[in-house]
Amino acid sequence: MTKAITVSGLHKSFGRTHALDGLDLDVETGEVHGFLGPNGAGKSTTIRVLLGLLRADSGAAQILGRDPWTDAVETHRRIAYVPGDVTLWRNLSGGEVIDLYGRLRGGLDTRRRAELIERFELDPTKKGRTYSKGNRQKVALVAAFASDVDLLILDEPTSGLDPLMEEVFQRCVEEERNRGRTILLSSHILSEVEELCDRVSIIRKGRTVESGSLADLRHLTRTSVTAELAGTPDGLARLPGVHDLDVQGRRVRLQVDTDQLDAVLRSLTESGVRSLTSTPPTLEELFLRHYQEDAVAADVVAEGAAR
Amino acid sequence: MTAAAFAVRPRLSRQLAGTGTLLRFALRRDRVMIPVWVAVNALMVLSMPNTLKGLYATPAERADLVAQMATNSSLRAMVGPVFSDSLGALTAWRVGVYAGVLAAVTGLFVVVRHTRDEEESGRQELLASGMVGRRASLTAALLAAAVANAALGLLVVAGLAGQGATGALAFGLGIAGVGTVFATMAAIVAQLTESARLARGLTAGVLGAAFVLRAAGDSATDDGSSVLTWLSPLGWLENLRPYAAERWWVLLLFAAAAAAQAGVAYALAGRRDVGMSFLPTRPGPASGRLGSAAALAWRLQRGSVLGWSIGFFLAGVVYGGMTEGAADLVGDNDNARRIIERMGGQAGLTDAFLSAMVGMLGLVAALYVVASVLRLHGEETSGRAEPVLANAVGRLRWAAGHLVIAFGGSVLIMLLAGLGFALGHGREAGPILGACLVQVAGVWVIGALAVLLHGIAPRTAMAAWGVAGAVLLIGWVGPALDAPRAVLDLSPFGHLPKLPGGEMQWGPVLVLLLVAVVLLGAGLAGLRRRDMTT
């Protein structure tokens with residue numbers, strides 16, 4: 001499988017702010033890749049570098065096998081981009097903008113355009129200033145999905161969409177994947193990422209902290225287990241990888257590192273299991289773990305400063 | 001029950017809640033704009049007695065001027081009639097109309113900026129959700145304009161008091177009155193349109209109509225008594241007759257008009273929803289034919305190109321038409337002739353006058369080119385450029401679309417001005433068209449400088465307005481003040497040959513074109529290399 005996007009050791013500063021601090025990103029051709037990170041982590045900056053709008057200070061980046069800065073125009077023919085906050089021209093109708101963007105890329109599939117307008121329930125005759133945020137977003141989405149391109153770069157594309165439209169969006173992404181297109185999806189909506197993405201990269205403060213398939217990432221995190229036992233549990237606390245153990249009579253609640261789950265289950269069955277609930281880690285927990293490390297670190301610093 | 005509860009009108013104090021905060025906020029946002037507008041206007045007015053003293057030193061010369069104005073209808077159309085030969089009266093005559101226009105523009109900009117602009121951008125919604133009454137925004141905007149007008153009026157009164165306090169008071173109040181009338185007019189128009197740009201354009205159109213009415217009235221009569229003059233707030237200002245047996249009751253016209261217009265604006269504002277307007281936007285086509293960055297740029301700029309074209313053509317016709325009359329008048333005064341000759345060259349007064357007017361329009365065209373080039377800046381900072389550039393559109397191609405319109409458009413409007421001159425003056429088009437084209441070299445240098453700023457240091461791009469303003473000031477005031485050559489040479493327009501009448505000098509024109517090309521090239525190179533701002 002070839003790579004649609006490869007980024008390694010990307011650095012970009014704006015004055016004293018280090019927006020990107022050695023970021024890595026690999027997107028395989030044909031996959032939907034989730035791009036996650038808290039606000040200000042550098043997601044949009046990375047995307048702007050990949051689009052040749054910003055020039056990286058150092059590091060390597062390739063998009064569709066080319067340099068994003070020097071070959072910008074050539075690569076853009078095969079890319080459709082949806083920004084998180086779409087601004088339209090006040091005196092141009094949505095339909096005009098969709099067609100303009102289509103022509104400025106590789107071209108537009110008119111049948112698909114009509115179908116998408118219907119599915120997204122978009123009125124293409126309204127002028128730019130009269131669209132709501134969600135509808136402006138739909139204009140850019142229709143233009144992107146109807147364009148004849150190989151790579152879609154979507155930067156928080158569903159902000160402002162209602163749940164029904166969110167659903168339509170997810171179907172569209174799946175259709176694009178089935179057609180063999182590659183999608184880089186930056187998002188805050190973790191259920192959306194979980195539903196759609198083959199692989200994800202989580203970034204924090206301009207660096208990639210996790211990258212891999214959801215299954216890979218889950219492996220690194222904890223499963224929560226709640227069990228009702230026949231007898232009193234024994235020895236759970238001594239097992240490696242067990243956290244937040246809470247025993248109340250015969251009821252047990254605990255968190256366990258997913259790769260240690262086997263030993264815990266053996267121990268539980270020895271006491272006789274009446275009922276068992278085991279919840280795999282959600283992406284949310286994964287995400288929050290990285291996020292909260294930040295918060296904890298910040299607290300420590302704050303306390304230190306207070307003393 | 002519920003309906004009845006909604007129909008209850010909140011008390012006035014609640015409707016105005018938050019006005020003070022909004023006003024302070026508006027004045028803080030305008031802390032540069034208002035002082036600059038007011039200072040430029042006041043400087044123009046307050047420098048005039050000295051200039052006039054230099055031009056018409058003796059009472060006999062001044063009396064002569066007054067007598068001539070009675071017979072010169074074309075010049076009366078430009079500046080209005082004279083009512084007395086004192087320096088104060090001549091000052092009010094010479095700058096009254098223009099100070100009024102400038103005050104009106106200030107007022108309309110301030111009001112639209114704090115009403116329709118806020119609603120269009122959606123900022124108003126956030127404000128309105130706070131402890132802000134229904135009428136607070138409009139009131140704050142009108143008060144901000146009132147602050148600007150009051151400051152201007154005070155400066156004029158204080159600065160001209162040396163020529164006589166009574167006349168200064170009348171003149172200051174009159175200028176502030178014109179500003180207030182157009183501020184309240186803008187408040188009405190801002191309720192009607194959905195776009196701030198259109199609101200500004202329509203109000204400016206009303207201002208233009210007021211100028212034309214006054215000009216028509218004044219060319220017909222020499223004492224401002226024409227009905228047409230009385231229909232225009234700019235005419236009221238001259239009919240207030242500062243320094244010539246003031247007619248104080250005319251101030252009541254300003255007050256009545258301002259009060260009536262403010263009343264209409266409040267009534268309209270109370271009958272519509274936030275963000276909505278009385279002239280709703282019509283739907284556009286469901287599919288479009290725009291297919292390139294250049295087509296997009298033309299679509300965005302064509303309206304303004306059309307407006308500038310019409311304006312320049314009409315200005316050419318008007319100036320061309322009054323050339324003979326003005327040249328006659330100026331010819332009788334040595335000092336005035338010297339100024340015109342400094343501006344327009346020494347080859348006969350008619351040509352010198354034409355040349356001065358062509359130069360004037362060239363300076364104004366510099367404003368066009370800056371506005372047009374800075375569309376690039378606007379597109380970039382608004383975030384609209386980013387998705388366009390994320391398509392298969394190179395930065396140069398994107399910029400080229402706007403720059404062709406900026407640089408080609410300045411050729412177009414100067415040519416149209418030339419045609420207007422030829423028509424208005426009724427003589428062969430060749431020399432005057434050539435004279436207008438020569439101005440383009442200066443216009444392009446300013447435009448290329450704007451490209452350079454935008455390309456290399458986008459944060460400073462707006463400074464191009466400052467450059468255009470400085471060039472305008474040098475070209476406008478420089479000759480009258482007999483400014484040293486070194487100052488006049490700072491402006492590219494100072495190096496252009498004085499055409500028609502003068503000798504065509506290719507040297508400076510080619511050098512200026514070369515400078516423009518170099519600046520343009522450097523700017524575009526910068527644009528290719530830098531980060532796009534968001």
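Is A:Thr208 buried or exposed? I began my notebook with this residue, and I note at once that the model I am reading is a predicted one.

**Entry 1: one residue in chain A**

I counted the surroundings of A:Thr208 and found 22 other C-beta atoms within 10 Å, and because the cut-off for a buried residue is 20 or more, I wrote A:Thr208 down as buried. I then looked up where A:Thr208 sits, and its place is in strand 9 of chain A, which covers residues 207–213. Setting aside residues up to four places away in sequence, I listed what A:Thr208 touches, and the list is A:Leu23, A:Asp24, A:Leu25, A:Ser201 and A:Ile203. I also checked A:Thr208 against A:Ser8, and although 200 residues separate the two in sequence, their C-alpha atoms are 9.9 Å apart in space.

**Entry 2: chain A as a whole**

I counted 10 helices and 13 strands in chain A, and I noted that its C-alpha trace spans about 70 × 45 × 45 Å along the principal axes. Of the 307 residues in chain A, 42% are buried. Among the contacts in chain A with a separation of 6 or more, 71% are between residues 24 or more positions apart.

**Entry 3: the sheet that holds strand 9**

I followed strand 9 of chain A into its sheet, an open one in which six strands lie in the order 5-6-7-3-8-9 with mixed pairing. Strand 5 (79–82) and strand 9 of chain A are at the edges, and each has a single partner strand, so one side of each is left without a neighbour in the sheet. From one strand to the next, the twist in this sheet averages 15 degrees.

Further inside the order, I looked at strand 6 (residues 151–155) and strand 7 (residues 182–186) of chain A, which run parallel and are joined by five bridges. One pair that I traced there is A:Leu152 with its bridge partner A:Ile183 in strand 7 of chain A. Helix 1 (residues 43–50) of chain A packs on this sheet, where it touches strand 3 (32–36), strand 6, strand 7 and strand 8 (199–204) of chain A, and its direction makes about 150 degrees with that of strand 6 of chain A.

**Entry 4: a four-stranded sheet in chain A**

I next turned to an open sheet of four strands in chain A, in the order 11-12-10-13, where the pairing is antiparallel. Which strands stand at the edges of this sheet? They are strand 11 (242–248) and strand 13 (273–279) of chain A, and since each has a single partner strand, one side of each is left without a neighbour in the sheet.

Strand 11 of chain A pairs with strand 12 (residues 251–257) of chain A over five bridges in the antiparallel sense, and I found A:Gln248 standing opposite A:Arg251 in strand 12 of chain A. Helix 9 (residues 261–271) of chain A lies across strand 10 (222–229), strand 11, strand 12 and strand 13 of chain A, and it runs at about 5 degrees to strand 10 of chain A.

**Entry 5: two helices in chain B**

In chain B I looked up helix 4 (residues 33–46) and helix 8 (residues 87–114), which pack at an angle of about 175 degrees with their axes 10 Å apart. I call helix 4 of chain B roughly antiparallel to helix 8 of chain B, because angles over 145 degrees count as such. Residues that make the contact include B:Trp37 and B:Met44 of helix 4 of chain B, and B:Tyr98 and B:Leu102 of helix 8 of chain B. Sorted by class, this contact of helix 4 with helix 8 of chain B has 10 nonpolar, two polar and no charged residues.

**Entry 6: an exposed residue for contrast**

I chose B:Ser129, found in the loop between helix 10 (123–128) and helix 11 (136–160) of chain B. B:Ser129 has 9 other C-beta atoms within 10 Å and is therefore exposed, the cut-off being 12 or fewer.

**Entry 7: cores and the chain contact**

The largest nonpolar core has 234 residues, and those with the most contacts inside it are A:Val142, B:Val111 and B:Ala186. Apart from it lies another core, of seven residues, including A:Leu229 and A:Val264.

Finally, I looked between the chains, where 28 residues of chain B are in contact with 32 residues of chain A. Helix 21 of chain B gives the most to the side of chain B that touches chain A, with four residues.

Key:
Residues numbered from 1 in each chain as written. Chains lettered and ligands numbered in written order. Predicted model: local features only at pLDDT ≥ 70, side-chain atom pairs only at ≥ 80, totals over all residues. Contact = placed C-beta atoms within 7 Å. Pairing = 2+ DSSP bridges. Axes fitted to C-alpha atoms, helices over the stretch in contact; angles between N-to-C directions. Parallel < 35°, antiparallel > 145°, perpendicular 65-115°, else oblique. Nonpolar A, V, L, I, M, F, W, Y, C, P; charged D, E, K, R; others polar. Core = buried A, V, L, I, M, F, W, Y, C linked by C-beta atoms within 7 Å.
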